[in-house]
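Me: Could you pick one part of this protein and take me through it slowly, residue by residue where that helps? After that, I'd like to know how it sits alongside the rest.

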Amino acid sequence: MQQLWMVIGAVPGVVLVCWVLLNLKTSRKDGTLLKPHKVRVMMQYIMRTRTESAVYFDVEVPAQPLLDYLDEVRPHVEANVTHACVAAALIGLEAAPQMNRFTVGQRLYQRRQREVSFSLKRKKGDAGAKMSTVKLVGEDRESFRDFCQRVNGSIAVERSGERTYADKEYDFFAAIPRPVLSWGVRLMRWLDAHNVLPHSFIANDPLYTSMFVANLGSIEMGAAFHHLYEWGNCPLFLVVGKVEDRLVRGDDDKPTWQKVLPLRFTFDERVEDGLTARAGLRVVEDVLTHPRSSLGCIGDDVFPMRPPGVDDDTP
(Lines give C-alpha, C1' and ligand atoms only; values in the text may rest on other atoms or scores of the structure.)
Protein backbone atom coordinates (compact mmCIF):
# COMPACT_ATOMS: atom_id res chain seq x y z
CA MET A 1 0.00 0.00 0.00
CA GLN A 2 2.83 2.36 0.83
CA GLN A 3 4.40 1.73 -2.58
CA LEU A 4 1.09 2.48 -4.28
CA TRP A 5 0.86 5.84 -2.49
CA MET A 6 4.44 6.58 -3.51
CA VAL A 7 3.55 5.93 -7.15
CA ILE A 8 0.44 8.09 -6.90
CA GLY A 9 2.46 10.85 -5.24
CA ALA A 10 4.98 10.77 -8.07
CA VAL A 11 2.33 11.34 -10.76
CA PRO A 12 2.14 15.16 -10.38
CA GLY A 13 5.92 15.38 -10.68
CA VAL A 14 5.95 13.25 -13.83
CA VAL A 15 3.15 15.36 -15.32
CA LEU A 16 5.06 18.55 -14.49
CA VAL A 17 8.25 17.25 -16.10
CA CYS A 18 6.35 16.20 -19.25
CA TRP A 19 4.65 19.59 -19.42
CA VAL A 20 8.00 21.40 -19.14
CA LEU A 21 9.60 19.19 -21.80
CA LEU A 22 6.70 19.74 -24.20
CA ASN A 23 6.91 23.50 -23.82
CA LEU A 24 10.67 23.40 -24.38
CA LYS A 25 10.31 21.47 -27.65
CA THR A 26 10.77 23.94 -30.52
CA SER A 27 11.88 21.72 -33.42
CA ARG A 28 9.53 20.85 -36.30
CA LYS A 29 10.08 19.00 -39.55
CA ASP A 30 8.28 21.67 -41.57
CA GLY A 31 10.02 24.74 -40.16
CA THR A 32 13.01 26.30 -38.42
CA LEU A 33 12.46 28.40 -35.29
CA LEU A 34 13.16 32.12 -35.70
CA LYS A 35 14.02 34.78 -33.14
CA PRO A 36 11.97 37.78 -34.27
CA HIS A 37 11.89 41.29 -32.86
CA LYS A 38 10.30 41.59 -29.41
CA VAL A 39 7.33 43.45 -30.87
CA ARG A 40 6.59 40.53 -33.18
CA VAL A 41 6.98 38.13 -30.26
CA MET A 42 4.30 40.03 -28.34
CA MET A 43 2.03 39.94 -31.39
CA GLN A 44 1.89 36.15 -31.06
CA TYR A 45 0.20 36.57 -27.66
CA ILE A 46 -1.90 39.67 -28.30
CA MET A 47 -3.22 38.50 -31.69
CA ARG A 48 -3.89 34.85 -30.96
CA THR A 49 -5.79 33.86 -34.12
CA ARG A 50 -5.30 34.30 -37.85
CA THR A 51 -8.72 35.90 -38.11
CA GLU A 52 -7.77 38.89 -35.96
CA SER A 53 -4.33 39.05 -37.62
CA ALA A 54 -5.59 39.18 -41.20
CA VAL A 55 -4.55 41.98 -43.56
CA TYR A 56 -6.21 42.31 -46.98
CA PHE A 57 -4.70 43.45 -50.28
CA ASP A 58 -6.91 44.13 -53.30
CA VAL A 59 -5.06 44.53 -56.61
CA GLU A 60 -5.76 44.29 -60.32
CA VAL A 61 -3.27 43.28 -63.01
CA PRO A 62 -3.67 43.79 -66.77
CA ALA A 63 -5.09 40.53 -68.07
CA GLN A 64 -4.36 40.82 -71.79
CA PRO A 65 -0.59 40.07 -71.57
CA LEU A 66 -1.36 36.90 -69.60
CA LEU A 67 -4.18 35.80 -71.92
CA ASP A 68 -2.00 36.40 -75.00
CA TYR A 69 0.87 34.50 -73.40
CA LEU A 70 -1.33 31.50 -72.55
CA ASP A 71 -2.71 31.41 -76.11
CA GLU A 72 0.86 31.39 -77.46
CA VAL A 73 2.26 28.86 -75.00
CA ARG A 74 -0.56 26.27 -75.21
CA PRO A 75 0.86 24.52 -78.30
CA HIS A 76 3.92 23.74 -76.17
CA VAL A 77 2.49 23.56 -72.62
CA GLU A 78 -0.96 22.63 -71.34
CA ALA A 79 -1.55 25.65 -69.12
CA ASN A 80 -4.26 28.06 -68.01
CA VAL A 81 -4.69 30.95 -65.56
CA THR A 82 -4.52 28.61 -62.54
CA HIS A 83 -1.13 27.25 -63.65
CA ALA A 84 0.19 30.79 -64.08
CA CYS A 85 -1.11 31.97 -60.68
CA VAL A 86 0.32 28.99 -58.77
CA ALA A 87 3.65 29.44 -60.57
CA ALA A 88 3.62 33.16 -59.73
CA ALA A 89 2.98 32.29 -56.07
CA LEU A 90 6.00 29.98 -55.98
CA ILE A 91 8.18 32.62 -57.65
CA GLY A 92 6.99 35.25 -55.16
CA LEU A 93 7.82 32.99 -52.21
CA GLU A 94 11.31 32.39 -53.59
CA ALA A 95 11.91 36.10 -54.16
CA ALA A 96 10.61 37.05 -50.69
CA PRO A 97 11.43 34.19 -48.27
CA GLN A 98 10.20 36.34 -45.35
CA MET A 99 6.71 35.58 -46.65
CA ASN A 100 7.33 31.86 -46.34
CA ARG A 101 6.89 31.80 -42.57
CA PHE A 102 4.18 30.63 -40.20
CA THR A 103 3.15 30.87 -36.57
CA VAL A 104 2.27 28.01 -34.25
CA GLY A 105 2.26 27.80 -30.47
CA GLN A 106 3.07 31.55 -30.18
CA ARG A 107 6.32 30.94 -32.07
CA LEU A 108 7.49 32.06 -35.51
CA TYR A 109 9.01 29.58 -37.97
CA GLN A 110 10.69 29.77 -41.37
CA ARG A 111 9.17 27.10 -43.58
CA ARG A 112 11.72 24.64 -44.90
CA GLN A 113 10.30 24.53 -48.43
CA ARG A 114 7.94 26.46 -50.68
CA GLU A 115 4.50 24.89 -50.80
CA VAL A 116 1.37 26.10 -52.61
CA SER A 117 -2.06 24.48 -52.40
CA PHE A 118 -4.88 25.10 -54.85
CA SER A 119 -8.44 23.91 -55.29
CA LEU A 120 -10.21 22.42 -58.30
CA LYS A 121 -13.42 20.68 -59.29
CA ARG A 122 -13.24 16.88 -59.44
CA LYS A 123 -15.14 17.04 -62.76
CA LYS A 124 -14.18 19.90 -65.03
CA GLY A 125 -17.11 22.16 -65.85
CA ASP A 126 -19.49 20.36 -63.47
CA ALA A 127 -20.87 22.87 -60.95
CA GLY A 128 -22.15 20.04 -58.76
CA ALA A 129 -18.86 18.15 -58.62
CA LYS A 130 -16.92 17.85 -55.38
CA MET A 131 -14.00 20.16 -54.65
CA SER A 132 -10.52 18.78 -54.27
CA THR A 133 -7.17 20.26 -53.33
CA VAL A 134 -3.61 19.74 -54.50
CA LYS A 135 -0.46 20.72 -52.61
CA LEU A 136 2.72 21.23 -54.60
CA VAL A 137 6.27 21.70 -53.36
CA GLY A 138 8.37 24.23 -55.26
CA GLU A 139 11.45 22.84 -56.98
CA ASP A 140 14.59 24.90 -57.57
CA ARG A 141 15.27 26.04 -61.14
CA GLU A 142 12.17 24.36 -62.54
CA SER A 143 10.84 25.49 -65.93
CA PHE A 144 7.21 26.42 -66.42
CA ARG A 145 6.83 23.46 -68.78
CA ASP A 146 8.04 20.96 -66.16
CA PHE A 147 5.97 22.68 -63.51
CA CYS A 148 2.79 22.40 -65.61
CA GLN A 149 3.48 18.72 -66.19
CA ARG A 150 3.63 18.18 -62.43
CA VAL A 151 0.44 20.18 -61.89
CA ASN A 152 -1.41 18.30 -64.63
CA GLY A 153 -0.24 14.99 -63.22
CA SER A 154 -1.66 15.89 -59.81
CA ILE A 155 -4.92 17.10 -61.36
CA ALA A 156 -5.21 13.87 -63.36
CA VAL A 157 -4.97 11.85 -60.15
CA GLU A 158 -7.69 13.94 -58.47
CA ARG A 159 -9.98 13.62 -61.49
CA SER A 160 -9.29 9.94 -62.15
CA GLY A 161 -12.15 8.79 -59.93
CA GLU A 162 -9.77 6.77 -57.76
CA ARG A 163 -9.84 7.17 -53.98
CA THR A 164 -7.05 9.48 -52.90
CA TYR A 165 -5.32 9.77 -49.53
CA ALA A 166 -7.60 12.70 -48.70
CA ASP A 167 -10.72 10.66 -49.56
CA LYS A 168 -9.68 7.89 -47.20
CA GLU A 169 -8.83 10.40 -44.47
CA TYR A 170 -12.20 12.17 -44.79
CA ASP A 171 -14.10 8.88 -44.72
CA PHE A 172 -12.24 7.83 -41.59
CA PHE A 173 -12.96 11.03 -39.71
CA ALA A 174 -16.58 11.16 -40.92
CA ALA A 175 -17.17 7.72 -39.38
CA ILE A 176 -16.09 8.90 -35.91
CA PRO A 177 -18.89 9.97 -33.52
CA ARG A 178 -19.17 13.75 -33.26
CA PRO A 179 -18.15 14.08 -29.56
CA VAL A 180 -15.08 11.91 -30.16
CA LEU A 181 -14.18 13.81 -33.34
CA SER A 182 -14.53 17.14 -31.54
CA TRP A 183 -12.12 16.07 -28.82
CA GLY A 184 -9.85 14.48 -31.42
CA VAL A 185 -9.55 17.77 -33.34
CA ARG A 186 -8.75 19.60 -30.10
CA LEU A 187 -6.07 17.03 -29.32
CA MET A 188 -4.49 17.44 -32.78
CA ARG A 189 -4.44 21.23 -32.38
CA TRP A 190 -2.74 20.80 -29.00
CA LEU A 191 -0.19 18.36 -30.42
CA ASP A 192 0.56 20.78 -33.27
CA ALA A 193 1.00 23.72 -30.88
CA HIS A 194 3.55 21.65 -28.94
CA ASN A 195 5.33 20.38 -32.09
CA VAL A 196 4.48 16.72 -31.57
CA LEU A 197 1.80 16.26 -34.25
CA PRO A 198 2.98 13.41 -36.55
CA HIS A 199 4.54 14.82 -39.71
CA SER A 200 2.35 12.57 -41.89
CA PHE A 201 -0.63 14.76 -40.95
CA ILE A 202 1.27 17.91 -41.93
CA ALA A 203 2.82 16.59 -45.16
CA ASN A 204 -0.52 15.54 -46.65
CA ASP A 205 -2.72 18.37 -45.39
CA PRO A 206 -3.24 21.20 -47.94
CA LEU A 207 -3.75 23.75 -45.13
CA TYR A 208 -0.18 23.22 -43.90
CA THR A 209 1.19 25.26 -46.78
CA SER A 210 2.91 28.52 -47.69
CA MET A 211 -0.01 29.87 -49.72
CA PHE A 212 -3.44 28.70 -50.82
CA VAL A 213 -4.66 29.74 -54.28
CA ALA A 214 -8.34 29.65 -55.28
CA ASN A 215 -9.11 30.57 -58.88
CA LEU A 216 -12.79 31.49 -58.69
CA GLY A 217 -12.50 32.90 -62.19
CA SER A 218 -12.42 29.32 -63.50
CA ILE A 219 -16.09 29.02 -62.46
CA GLU A 220 -16.96 32.55 -63.63
CA MET A 221 -16.96 34.09 -60.15
CA GLY A 222 -15.49 37.36 -58.99
CA ALA A 223 -12.64 37.60 -56.51
CA ALA A 224 -13.73 37.31 -52.87
CA PHE A 225 -11.93 38.35 -49.70
CA HIS A 226 -11.20 34.96 -48.16
CA HIS A 227 -10.57 34.20 -44.51
CA LEU A 228 -7.48 32.41 -43.20
CA TYR A 229 -8.08 28.96 -41.73
CA GLU A 230 -7.34 28.45 -38.05
CA TRP A 231 -6.52 24.83 -38.84
CA GLY A 232 -3.06 24.24 -40.27
CA ASN A 233 -0.46 27.01 -40.61
CA CYS A 234 -1.23 28.74 -43.91
CA PRO A 235 -0.54 32.51 -43.57
CA LEU A 236 -1.44 33.55 -47.15
CA PHE A 237 -4.58 33.12 -49.24
CA LEU A 238 -4.93 34.30 -52.83
CA VAL A 239 -8.30 34.48 -54.58
CA VAL A 240 -8.26 35.02 -58.34
CA GLY A 241 -11.43 36.37 -59.93
CA LYS A 242 -12.73 36.16 -63.48
CA VAL A 243 -11.27 38.50 -66.08
CA GLU A 244 -13.32 41.69 -66.17
CA ASP A 245 -13.50 44.80 -68.32
CA ARG A 246 -12.71 47.85 -66.21
CA LEU A 247 -12.51 51.54 -66.99
CA VAL A 248 -8.92 52.66 -66.30
CA ARG A 249 -6.70 55.62 -67.03
CA GLY A 250 -4.94 55.14 -70.35
CA ASP A 251 -1.45 56.22 -71.41
CA ASP A 252 -2.87 59.54 -72.59
CA ASP A 253 -4.65 60.08 -69.24
CA LYS A 254 -7.99 59.44 -70.92
CA PRO A 255 -10.44 56.77 -69.67
CA THR A 256 -10.19 53.49 -71.57
CA TRP A 257 -11.59 50.00 -71.18
CA GLN A 258 -9.07 47.32 -70.22
CA LYS A 259 -9.27 43.63 -69.32
CA VAL A 260 -8.04 43.13 -65.75
CA LEU A 261 -7.44 40.10 -63.54
CA PRO A 262 -8.58 40.79 -59.94
CA LEU A 263 -6.34 39.42 -57.17
CA ARG A 264 -7.25 39.50 -53.50
CA PHE A 265 -4.69 38.49 -50.89
CA THR A 266 -5.26 37.70 -47.22
CA PHE A 267 -2.10 37.79 -45.09
CA ASP A 268 -1.28 36.90 -41.47
CA GLU A 269 0.34 40.06 -40.10
CA ARG A 270 2.12 38.13 -37.34
CA VAL A 271 4.40 36.58 -39.97
CA GLU A 272 5.88 39.80 -41.33
CA ASP A 273 5.06 43.50 -41.54
CA GLY A 274 2.77 44.88 -44.21
CA LEU A 275 5.54 46.67 -46.12
CA THR A 276 7.50 43.45 -46.62
CA ALA A 277 4.29 41.64 -47.48
CA ARG A 278 3.39 44.19 -50.12
CA ALA A 279 6.84 43.92 -51.71
CA GLY A 280 6.57 40.12 -51.84
CA LEU A 281 3.06 40.14 -53.27
CA ARG A 282 4.12 42.66 -55.92
CA VAL A 283 6.41 39.97 -57.35
CA VAL A 284 3.32 37.79 -57.90
CA GLU A 285 1.65 40.68 -59.71
CA ASP A 286 4.74 41.34 -61.84
CA VAL A 287 4.96 37.70 -62.94
CA LEU A 288 1.34 37.74 -64.10
CA THR A 289 1.84 41.12 -65.80
CA HIS A 290 5.04 40.01 -67.59
CA PRO A 291 4.62 36.23 -68.05
CA ARG A 292 6.88 35.99 -71.09
CA SER A 293 9.98 37.10 -69.22
CA SER A 294 9.08 35.13 -66.06
CA LEU A 295 7.72 31.84 -67.42
CA GLY A 296 8.95 31.55 -71.02
CA CYS A 297 8.40 28.13 -72.67
CA ILE A 298 7.37 29.65 -76.02
CA GLY A 299 9.09 27.48 -78.61
CA ASP A 300 12.63 26.77 -77.49
CA ASP A 301 12.59 29.59 -74.93
CA VAL A 302 12.72 27.31 -71.86
CA PHE A 303 14.36 28.54 -68.65
CA PRO A 304 13.80 28.28 -64.90
CA MET A 305 10.82 30.29 -63.65
CA ARG A 306 11.98 33.65 -62.29
CA PRO A 307 10.80 37.15 -61.36
CA PRO A 308 10.73 39.68 -64.23
CA GLY A 309 14.08 41.30 -64.85
CA VAL A 310 16.14 38.44 -63.37
CA ASP A 311 18.74 37.11 -65.78
CA ASP A 312 18.69 33.41 -66.70
CA ASP A 313 22.24 32.98 -65.44
CA THR A 314 21.38 34.17 -61.94
CA PRO A 315 22.10 31.25 -59.56
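Reply: Let's start with a bit of vocabulary: two strands count as paired if DSSP finds at least two bridges between them. Keep in mind that you're looking at a predicted model. The part I'd pick is an open sheet of three strands in the order 1-4-3, with antiparallel pairing. Strand 1 (31-33) and strand 3 (101-104) are at the edges with a single partner strand each, so each has one side without a neighbour in the sheet. From one strand to the next, the twist averages 40°.

Now for the pairings. Strand 1 and strand 4 (residues 107-111) are antiparallel and share three bridges. You can find this pairing by looking for Gly31, which sits opposite Arg111 of strand 4, and for Leu33, which faces Tyr109 of strand 4. As for the pairing of strand 3 with strand 4, those two also run antiparallel, joined by four bridges. Here Arg101 is the residue opposite Gln110 in strand 4. Strands 3 and 4 make a hairpin with two residues between them, and Gly105 in that turn has a positive phi of about 60°.

So how covered is strand 4: how many of its five residues are buried? Five of the five are. Take the two faces in turn: Arg107, Tyr109 and Arg111 lie on one side, Leu108 and Gln110 lie on the other, and all of them are buried. The cut-off for buried is under 20% relative accessible area.

There's another hairpin to set beside this one. Strand 9 (residues 244-249) and strand 10 (residues 255-268) pair in the antiparallel sense through six bridges. Arg246 has Gln258 of strand 10 as its bridge partner. This hairpin has five residues between its strands, and Asp253 takes a positive phi near 65°.

Away from the hairpins, have a look at Asn215, which belongs to strand 7 (residues 211-215). At a relative accessible area of 12%, Asn215 is below the 20% limit, so it counts as buried. Its side chain has polar company: one polar contact, at 2.8 Å, goes to the side chain of Thr82. The Asn215 side chain also reaches the backbone nitrogen of Gly217 at 3.1 Å. If you skip its neighbours within four places in sequence, Asn215 is in contact with Val81, Thr82, Val240 and Gly241.

Since you work at the bench, you may want to hear about the cysteines. Searching the whole structure turns up zero disulfides. For Cys148, the nearest cysteine sulfur belongs to Cys297 and is 7.2 Å away; a disulfide would need the two sulfurs within 2.5 Å, so Cys148 is in none. Cys148 is buried, with a relative accessible area of 1%, and Cys234 is buried too, at 6%.

Finally, the wider view. The protein has 10 helices and 10 strands. Of its 315 residues, 42% are buried. Among contacts with a separation of 6 or more, 69% are between residues 24 or more positions apart. The accessible surface of the protein is about 17,400 Å², and carbon and sulfur atoms account for 58% of that.

Conventions: Residues numbered from 1 in each chain as written. Predicted model: local features only at pLDDT ≥ 70, side-chain atom pairs only at ≥ 80, totals over all residues. Heavy atoms only, no water. Buried < 20%, exposed > 50% of the residue type's maximum accessible area, 1.4 Å probe, protein only. Polar contact = N/O pair within 3.5 Å; in protein donor to acceptor, adjacent residues only side chain to side chain. Contact = heavy atoms within 4.5 Å. Axes fitted to C-alpha atoms, helices over the stretch in contact; angles between N-to-C directions. Areas by Shrake-Rupley, 256 points an atom, 1.4 Å probe, with all protein chains shown as cover.
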